[in-house]
Amino acid sequence: MRYLFRPVLNQTDTLAEPVRATSQAVGGELAGVAVTRKSAGQRGAPAGGQGTAADFPDPGGDRPSEPGPDGQAGPPERGGRLRVPAARAASAADGRVRRQLTWAAVVLVVVLTAVGTAIALVPRGPSAGRVQSASSGTQHKGARGSGGPISGAKAIVGLSNAAIIRSRAANWIVRQISSNAIIACDDVMCDQLYDAGLPASDLLVISPNAPDPLGADVVIGTPALRSQFGSRLAGEYAPLVIASFGAGKSLIQVRVVAADGAAAYQSAFNTDLAARQHLGAVLLHNDKLGVSPSAQPDLIAGLVDPRLLAMLPVLAGQHPVQILGFYDQAPRASAGVPFSGVEFAASDPASGLSPTSYRHWLVGFFNGQRAPYEAASVSTARIAGHTVVRVRFARPSPLGLLNGAQ
């Protein structure tokens, strides 16, 4: 490239070289002419036998003719015809410069075309290899995704679905799991929970080399942890699922950690379920406790939080209460996992209290409880034209509160 552009950058020198060469050629030609004229002078020259300087042009070929009587340059002398080779040389030099510029322009166009093509072929996003490795479940530094060995747009969709499922699970966990619970999770899920609002002190990050999730109250069964612990996750450490999100390789399960082993926890859970079923059937015969027809099957099946069951007899002993229904069932939980919420009528004429006084009494009763009976939230709402009081408890439900209820 430097060779091609050198004539352009040094145009003055390039033009000067043909002129100097032409001058030398003209000098040689003049010498020949001088010799010829000298010979001719010997045969028939004017007096004196020698030609004068006026008879010969300037050896450089550039000196104009002498001015005429009116001060203007006169026509060139006989030597003026010798300037034609210099003009032709300059024209030839200009032609060579133009040809070199043309070739330089052609080369430049070719180079720019090649560069533009290379830039157009460079991928704008992550390569298929990176997407596939991120979605294959293999742990890489900085890799966050997991899924099947797919690539292209399908891989991006798969990663997006996994992120959506993690987000749904994180939002549910933040709202439902007790603030006193320690949650075990892999680094990606812990980051999601932290971003969703959980403090770092509530999170226990399970490294790939951790032998178990013990030490936590809840473990998030992500694909990474299921791969890490295999069947031991459900068979030894956390047998009860209190919520599930997604399916297949993107499945995320919220599990209760069994500190004394899976068999001991399952036995305690079965005992608690039987106590809930027994106490629910007893409460149906309490004349100060009204239960709507739609809520009775859940009460009999033991799908009511044991903290609420323990407080209902005390509540009905002060004033009559009306249960409108139970709500907030965990998505795809194990059998026997209870609802976490209940809805009460916000007034009862049989209590002898005004609607406002009755509502204040009911809300104050639940707000005044302490652990383990403390409610996660107590609020009022307007449903179908009626004011209701909604009480919700955090998960997981404690075991053993109703052991004396049988």
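**Close-ups of a predicted model**

Helix 11 and helix 12 sit oblique to each other. Keep in mind throughout that this is a predicted model.

**Figure 1. Helix 11 packs against helix 12 at an angle of about 140°.** Two packed helices are described by the angle between their axes and the distance between the axes. Here, helix 11 covers residues 306-318 and helix 12 covers residues 355-367, and their axes are 12 Å apart. Angles over 145 degrees would count as roughly antiparallel, so with about 140° this pair is called oblique instead. The crossing of helix 11 over helix 12 is right-handed. Who does the touching? On the helix 11 side, look for Leu308, Met311, Val314, Leu315 and Gln318; on the helix 12 side, look for Trp361, Leu362, Phe365 and Phe366. Sort that contact by class and you get 8 nonpolar residues, 1 polar one and no charged ones.

**Figure 2. Helix 6 has an aspartate cap at its N-terminal end.** The cap is aspartate 186: one of its side-chain oxygens lies 2.9 Å from the backbone nitrogen of valine 188. Which residues of helix 6 (residues 187-196) are buried? They are Val188, Met189, Cys190 and Leu193. An α-helix has 3.6 residues a turn, so residues three or four places apart point the same way. Just after the helix comes glycine 197, with a positive phi near 125°.

**Figure 3. Two residues other than glycine, aspartate 328 and arginine 332, have positive phi.** Start with aspartate 328, where phi is about 65°. You'll find aspartate 328 in the loop between strand 7 (321-327) and strand 8 (341-345). Is aspartate 328 buried or exposed? Buried means under 20% relative accessible area, and aspartate 328 comes in at 16%, so it counts as buried. Now hop along to arginine 332, whose phi is near 50°. Arginine 332 also belongs to the loop between strand 7 and strand 8.

**Figure 4. Cis peptide bonds lead into proline 372 and proline 396.** The bond from alanine 371 to proline 372 has omega near 5°, and proline 372 sits in the loop between helix 12 and strand 9 (377-383). For the bond joining arginine 395 and proline 396, omega is about 0°. Look for proline 396 in the segment after strand 10 (386-392).

**Figure 5. Zooming back out, the protein chain has 12 helices and 10 strands.** Of its 406 residues, 34% count as buried. Take the contacts between residues at least 6 apart in sequence: 59% of them join residues at least 24 apart.

Terms used: Residues are numbered from 1 along each chain as its sequence is written. This is a predicted model: local features need pLDDT of at least 70, side-chain atom pairs count only at pLDDT 80 or more; totals for chains, interfaces and linings use all residues. Side-chain values use heavy atoms; hydrogens and water are left out. Axes are lines fitted to C-alpha atoms, for helices over the stretch in contact, and angles run from 0 to 180 degrees between N-to-C directions. Helices (H or I, at least four residues) and strands (E, at least two) are DSSP runs, numbered from the N terminus. Angles under 35 degrees count as roughly parallel, over 145 as roughly antiparallel, 65 to 115 as roughly perpendicular and the rest as oblique. A crossing is left-handed if the near helix is turned anticlockwise from the far one by less than a right angle, and right-handed if clockwise. Contact means heavy atoms within 4.5 Å. Ala, Val, Leu, Ile, Met, Phe, Trp, Tyr, Cys and Pro count as nonpolar, Asp, Glu, Lys and Arg as charged, and the others, Gly among them, as polar. Buried means under 20% relative accessible area, exposed over 50%, partly exposed in between (1.4 Å probe, protein chains only). A polar contact is a pair of N or O atoms within 3.5 Å; within protein, one must be able to donate a hydrogen and the other to accept it, and residues adjacent in sequence count only if both atoms are side-chain atoms.
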